[in-house]
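Thanks for sharing this one. Here are a few notes to read with the model open beside you.

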Amino acid sequence: MTTGRIEPHSASVADFDDLWRSSTWQTRLAGPVLPAATTWVALICGLAAADIVGNVVVDGPLQVPTKLAMVLVAVVAARWSGISWAAMGMSWSRLARGLLVGGAAAAVIAAVVALGVLLPALAGLFDAGDAANDDAGERAVRLGVLIPLGTVVFEEVLFRSVAFGALLAVHSVRGALIGQAVLFGLWHLVPAISGADGTALVVAGSLTATVVATGIAGLGFGWLRLRGNSVAAPAVAHLASNSFGYLLAALFLDT
C-alpha cells in the first residue's frame with residue numbers, strides 16, 4: 001500500500017494490513033466519521049471519566065465488572081459513530097495474525113525478564129510494590145483476573161481499538177499512532193497522582209517520568225496493533241509485560 005486515502009465506509013480489513021510500514025503513515029481515511037474537534041473532546045472526556053471511575057472511584061470486587069462495562073459502552077459508541085471493526089482492529093480474520101505478532105513481542109519480553117532473573121541487579125527495574133503486599137491467593141487473582149481483564153482488556157480496547165480507530169478517521173496513521181500514545185501517557189497521571197509522595201519537585205519528576213514512559217509504551221503497543229492489524233497483538237504483549245514483571249518481582253521477593 002502506498003500513501004493515499006481509504007474510504008471510511010468501504011474500507012476492508014485488508015486496507016489496514018500494511019499500515020505498519022512507515023511508507024504508509026501518511027495514509028488516512030477519505031473523510032472523518034466525526035469532526036476532529038468533536039472526536040478529541042469525546043475521547044478526552046470519555047477516557048478521563050473511565051480513568052477516574054475505573055482506577056479511583058470503584059475498587060474491590062466491582063472494579064473489573066465496571067471496567068468491562070465501560071469497555072462495552074466504548075465499543076458500542078464507536079460502532080454507533082461509524083468506526084468499523086477493521087479500523088478498531090477487531091476483525092476475526094486477523095486474530096491469528098495478531099496473536100502471532102503479539103506472541104513474538106511476548107517472547108522478547110520474556111527474554112528481558114529472563115535477563116532480569118540472571119542479573120539480580122536489574123531487580124530494581126521491576127515494581128515489587130503489589131507483589132510484596134499480596135499473599136498467594138491475591139497473586140493468583142491479580143494474574144488471572146486483575147491484570148488480563150482489569151488492565152489489559154480495559155486499556156487495549158479503549159486505546160488501541162476505540163481511540164486508535166477514532167483518530168484514524170481524523171488524522172494520518174502517524175498522527176493516530178502518536179495521538180493514542182499521548183492519551184495513553186496522560187491516562188496514567190490519575191493513578192500516579194494518587195500514589196505520589198515527596199516534595200513538589202520529586203512528585204513533578206515522577207509524574208513526568210510516568211507519562212513519558214507510558215507514552216513510549218503506547219507507541220510500541222500502537223505499532224504492534226498496526227503490525228498485526230489486530231488489537232490482539234498489543235494485548236498479548238501488554239499481558240506479557242505486566243504479568244512477567246509482576247512474576248519477576250514476586251520471584252525476587254520469595255528468594
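The points below go through helix packing, one contact between distant residues, and the empty spaces.

1. A word first on what you are looking at: this is a predicted model. Please keep that in mind for each point that follows.

2. Let's start with α2 and α5. Their axes lie 10 Å apart and pack at an angle of about 20 degrees. An angle under 35 degrees counts as roughly parallel, so α2 is roughly parallel to α5. The crossing of this pair is left-handed. On the α2 side the contact includes Val 64, Lys 67, Leu 68 and Met 70, while α5 brings in residues including Val 145, Leu 146, Leu 149 and Gly 150. By class, the contact of α2 with α5 holds 15 nonpolar residues, one polar and one charged.

3. Next, look at α5 with helix α8, which spans residues 200–228. Here the axes are 11 Å apart and the packing angle is about 60 degrees, and α5 and α8 are therefore oblique to each other. α5 passes α8 in a right-handed crossing. Which residues of α5 meet α8? They are Glu 156, Arg 160 and Phe 164, and on the α8 side they meet Gly 218, Phe 221, Gly 222, Arg 225 and Leu 226. The contact of α5 with α8 divides into three nonpolar, two polar and three charged residues.

4. The third pair is α1 with helix α6 (residues 173–187), whose axes come within 11 Å and cross at roughly 30 degrees. That angle makes α1 roughly parallel to α6. The crossing of α1 past α6 is right-handed. From α6 the contact uses Gly 179, Leu 183 and Trp 187; from α1 it uses Trp 40, Leu 43, Ile 44, Leu 47, Ala 50, Asp 51 and Asn 55. Seven of the residues in this contact of α1 with α6 are nonpolar, two are polar and one is charged.

5. If you enjoy long-range contacts, find Ile 109 in helix α3, which covers residues 95–118. How far apart in space are Ile 109 and Ala 237? Their C-alpha atoms are 7.7 Å apart, although the two residues are separated by 128 residues in sequence. Leaving out residues up to four places away in sequence, Ile 109 touches Ala 237, Ala 240, Ser 241 and Phe 244.

6. Now for the second largest pocket, which holds about 470 Å³ of space. Its lining has 22 residues, and those nearest the centre are Ala 42, Leu 43, Ala 74, Ala 77 and Val 162. Three helices, α1 (36–57), α2 (63–81) and α5 (136–168), each give at least two residues to this lining. Is the lining of the second largest pocket mostly charged or nonpolar? The count is 19 nonpolar and three polar residues, with no charged ones. Some residues also appear in the helix contacts: Leu 43 is part of the contact of α1 with α6, and Ala 74 and Val 162 belong to the contact of α2 with α5.

7. Last, the enclosed spaces. How many cavities of 30 Å³ or more does a search of the whole structure find? There are two. The second largest cavity contains about 30 Å³ of space. Lining this cavity are Ile 6, Phe 16, Leu 19, Thr 27, Arg 28, Leu 29, Leu 168 and Val 173. By class, that makes six nonpolar residues, one polar and one charged.

Definitions and conventions:
Residues are numbered from 1 along each chain as its sequence is written. This is a predicted model: local features need pLDDT of at least 70, side-chain atom pairs count only at pLDDT 80 or more; totals for chains, interfaces and linings use all residues. Side-chain values use heavy atoms; hydrogens and water are left out. On a 1 Å grid over the protein atoms alone, a cavity is a set of points where a 1.4 Å probe fits but cannot get out, and a pocket is an open set with protein on both sides within 12 Å along at least five of seven lines; lining residues have an atom within 4 Å of a point. Grid points are joined across faces, edges and corners, and a volume is the space filled by probe spheres set on the points. Helices (H or I, at least four residues) and strands (E, at least two) are DSSP runs, numbered from the N terminus. Ala, Val, Leu, Ile, Met, Phe, Trp, Tyr, Cys and Pro count as nonpolar, Asp, Glu, Lys and Arg as charged, and the others, Gly among them, as polar. Axes are lines fitted to C-alpha atoms, for helices over the stretch in contact, and angles run from 0 to 180 degrees between N-to-C directions. Angles under 35 degrees count as roughly parallel, over 145 as roughly antiparallel, 65 to 115 as roughly perpendicular and the rest as oblique. A crossing is left-handed if the near helix is turned anticlockwise from the far one by less than a right angle, and right-handed if clockwise. Contact means heavy atoms within 4.5 Å.
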